[in-house]
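Good morning, everyone, and thank you for making room for me today. Please take a moment to look at the sequence and the structure before I begin.

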Amino acid sequence: MRKIEALVLFLSIFVWLLFGSCASGDSPQDSDISFSLPFECHMEEPYCLADSFKAGLNVVLVGKSGICSARTGQAFTYDHHVEEFEATRVVGTEKCPVVKDETPFREYRIAVVGADPQAVRPVSIKDDKSPVPKELELEARKLAAPNMAEPQSLSGRVPVSLSDAQPKVLRTENVTLLIFELQADKEPWEPGPTVALTDAGVFLLDGACTYGEPTFFSVNDKLYLTYDATVSCCGCGDRHFFVYDLSSGTPKMVYRNSKFAD
């Protein structure tokens, strides 16, 4: 009897640990995915990833107009003009449109590696023109203002501050983004810091100057945001690419790539 009781106790603990760990952490699908920056590498394959992966993994390229499914190919060393870094070819993109543009990140903003293509979708921005409540905009502005530490322009140091103009507003699902404008010598200058408004509060995201339009997407019904911004200066090549997990309401950075920073 004691052996049977011990066996039952052991099985009970095993089941509790198994299901308890799944309940408290990310789902197996989430733990298996990675993010990477896709770029036009102009080699045998039109697209590459700015990270190293083993061959044969699912790759879902995410753009504003939709997604494109592919696979990881061979990893290699990419000779960037600033410094070399490890990259991975993307194979099977014959049906993915290649954008002939001087900006190599325009069509596909992010790659989700290891995900089921059916679990990934772009999330459109709502056409909502309603104003942001003044108290929330003021709180967001207070967060963004200290982020400015006299960034440099091409001509040297300039007096830079947040503009009094209304910030650019992007809305989707339960998240609102405010992108504040900067002014230099009291003249309009660059798009500035980005602040996220969620049900959990008001959060300043990384980056001094935000460029392009941020892109929302979901994986396994979890909401993500990707965008690019300069970090230590504005109007320069210090460009970083970010992915935030917004599913909990509190933004959590899950990917950052600075390999194309000049």
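**Strand β17 and its surroundings**

From β17, the residues Lys222, Tyr224, Thr226, Asp228 and Thr230 point one way while Leu223, Leu225, Tyr227 and Ala229 point the other way, and all of them are buried, where buried means under 20% relative accessible area, exposed means over 50%, and partly exposed lies in between, using a 1.4 Å probe and protein chains only. In a regular strand the side chains alternate between the two faces of the sheet. Because 9 of the 9 residues of β17 are buried, the strand is largely enclosed by the rest of the structure.

I should say that this is a predicted model, in which local features need pLDDT of at least 70 and side-chain atom pairs count only at pLDDT 80 or more, while totals for chains, interfaces and linings use all residues. Residues are numbered from 1 along each chain as its sequence is written, and side-chain values use heavy atoms, with hydrogens and water left out.

Strands (E, at least two residues) and helices (H or I, at least four) are DSSP runs numbered from the N terminus, and two strands pair if DSSP finds at least two bridges between them. Which strands, then, pair with β17? Strand β16, residues 209-219, runs antiparallel to β17 and is joined to it by 8 bridges, and β18 pairs with β17 in the antiparallel sense over 7 bridges. Leu225 is the bridge partner of Phe216, and Leu225 also stands opposite Tyr244 in β18.

Finally, the loop between β17 and β18 holds Cys236, which is partly exposed at 30% relative accessible area.
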